[in-house]
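Subject: the structure we talked about

Hi,

Here is the structure, with my notes on what turned up in it. Open the model alongside and follow along.

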Amino acid sequence: MNMQERYMQRCLELALLGAGTVSPNPMVGAVIVHENKIIGEGYTSPYGGPHAEVNAIQQVKDQYPDSADRLLEESDMYVSLEPCAHFGKTPPCANLIVKHNLRKVYIACMDPFAQVNGKGLGILQEAGIEVEVGLLEKEALWLNRRFFTRVRQNRPYIILKWAETADGYMAKNTDEQAWISNEASKQLVHKWRSEEDAILVGTRTALIDNPSLTVREWEGSNPKRVLVDKQLSVPETAAIFSEDADTIVFNAVKTDWQGRIKYIELENYDLYLPQNILYQLYLMDIQSVIIEGGAKTLQHFIDAGLWDEARVIKSKVFWEDGIKAPVIEGELKEQHTVASDDVYLIVKKN
C-alpha cells in the first residue's frame, strides 16, 4: 500500500466512526496532508451536523490559527466520497474546498445522489483544482453500501441475521424460547443493531422470544423496531412496545399513531408484502434494516430476492430437530470466530 492509499485508508477508518449516527447521509472521512504529514482530519457528524471535509478543514484552522490559509493552499485533501454540491442541512463541501484553494483532491468514489453526482467533481475542476478519482474505490463502495442501495434501488439495505445450530436449526418446533449463540455473539448482535436504522421481526418471534430489540449490551442508539403483525396479535405489553425506541407495526387492521408506536395498514396485505414494507421504510428515510426473524419472515424476503447480505452465527450445539434455518445462495465475504461460535458474512450475488 503506497502513501496515497494509506491516507485514503485513514479516510475510510474515520468514516466508520459515523456508523449509526449519520443516516440517511453517507459515512464520509476526510484527511488533509501537507508535505507528507496529516494536518487535519474529520468525519461526518451526526445527521444535520458538519460533513467530513468541513471538520477536517476546521481542525487545520484550530491547530494552526496563524497559518491555516497558507497551509490549506499547499495541501492535498483525501475524501472517501465525492464532496457534496448542494445546500441541504449544511452548505456544499465542494465550494468550501474551492474557497480554501486546496492543491489537489483525491476522491475514492463518486456520489450517485442526483443532486451531487458529478457536480461536486465539476465544481472542483472548474476552479482549477486537480482531482483524482478511484483511489480505494472498491473499499469505499463497500463502506457506503447502505447509502448506495437506498439511492440506486429506492429501498433500504437489507441484512438478514440468524443463529443456527451445528445441524442447521434456528428455532424449536414448540412455543419455547431457546438460545443458540453464546454471550459474546449476543453482544456482537447488539453492536450490529447500533449501526443500522431499523430492525425487523415477525409475529411469532415477538410472541415467543418477547425481544426488546435494543442495544442494551452495546453503546449506541436503539434502531427503530419494525414488527410485521397482520392481525395485531402481539399484546401492547410486549417488550417490543417499550418506550426505549420507536416501533412501526405493519398490519392489515389499522393505521394509527400512539406515542412511539406507529401502525401502518397495508392494503392487499399478502400481495408483495416485502416490497410494500421496504417502500414504506424508504419513504421514512430508513437506510438499512436488520431482519432478525423468524424463519417465515426471513423466507419472505429471501423468496422475493430482497436481501443484500446475511450474517449467520453458527454454534457448536446439536438439536436434531426444530425449524430449519434458511438456505441462501451467496458469496462468503468474511468468516471469523466469536468464542465458541462461527460468524459468517454472506453477500448476495449480483
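Let me start where the two halves meet: nine residues of domain 1 are in contact with 13 residues of domain 2, contact being heavy atoms within 4.5 Å. The chain is divided into domain 1 (1-147) and domain 2 (153-346), with bounds taken from an automatic or database domain assignment. Their centres, taken over C-alpha atoms, are separated by 34 Å.

Before you click around: this is a predicted model, where local features need pLDDT of at least 70 and side-chain atom pairs count only at pLDDT 80 or more, while totals for chains, interfaces and linings use all residues. Residues are numbered from 1 along each chain as its sequence is written, and side-chain values use heavy atoms, with hydrogens and water left out.

**The sheets**

Helix and strand labels are DSSP runs numbered from the N terminus (helices: H or I, at least four residues; strands: E, at least two). Strands of a sheet pair through backbone hydrogen bonds, either parallel or antiparallel; here two strands pair if DSSP finds at least two bridges between them.

One open sheet has five strands in the order β2-β1-β3-β4-β5, with mixed pairing. β2 (37-43) and β5 (130-133) are at the edges with a single partner strand each, so one side of each has no neighbour in the sheet. On average, neighbouring strands here are turned by 15° against each other, direction ignored. (Axes are lines fitted to C-alpha atoms, for helices over the stretch in contact, and angles run from 0 to 180 degrees between N-to-C directions.) Helix α2 (52-63) packs on this sheet and touches β1 (29-34), β2 and β3, its direction making about 135° with that of β2. Strands β3 (76-79) and β4 (104-107) run parallel and are joined by four bridges; valine 79 sits opposite isoleucine 107 in β4. Helix α5 (119-126) lies across β4 and β5, at about 150° to β5.

The other open sheet has ten strands, in the order β11-β12-β10-β9-β8-β13-β6-β14-β17-β16, and its pairing is mixed too. Its edges are β11 (256-258) and β16, each with a single partner strand, so one side of each is left without a neighbour in the sheet. Neighbouring strands are turned by 20° against each other on average, direction ignored. β6 and β14 pair in the parallel sense over six bridges, and glutamate 164 stands opposite lysine 314 in β14. Two of the helices to look at are α7, which lies across β6, β13 and β14 at about 130° to β6, and α10, which touches β6, β8, β9 (224-228), β10 (247-251) and β13, its direction making about 145° with that of β10.

**The pockets**

The search used a 1 Å grid over the protein atoms alone: a pocket is an open set of points where a 1.4 Å probe fits, with protein on both sides within 12 Å along at least five of seven lines, and lining residues have an atom within 4 Å of a point. Grid points are joined across faces, edges and corners, and the volume is the space filled by probe spheres set on them.

The largest pocket has a volume of about 1,000 Å³. Of its 47 lining residues, Thr205, Asp209, Glu292, Gly293 and Gly294 lie nearest the centre. α11 gives the largest share of that lining, five residues.

The second largest pocket holds about 830 Å³. It is lined by 40 residues, with Leu16, Ala19, Arg145, Arg146 and Glu195 nearest its centre. Domain 1 and domain 2 each supply at least three residues of this lining.

**Backbone oddities**

Most residues other than glycine have a negative phi, and most peptide bonds are trans. Which bond joins serine 23 and proline 24? A cis peptide bond, with omega about 10°; proline 24 is in the loop between α1 and β1. The bond from glycine 293 to glycine 294 is also cis, with omega near 5°, and glycine 294 is in the loop between β13 and α11. Finally, tyrosine 272, in the loop between β12 (261-265) and α10, has a positive phi of about 55° although it is not a glycine.

Cheers
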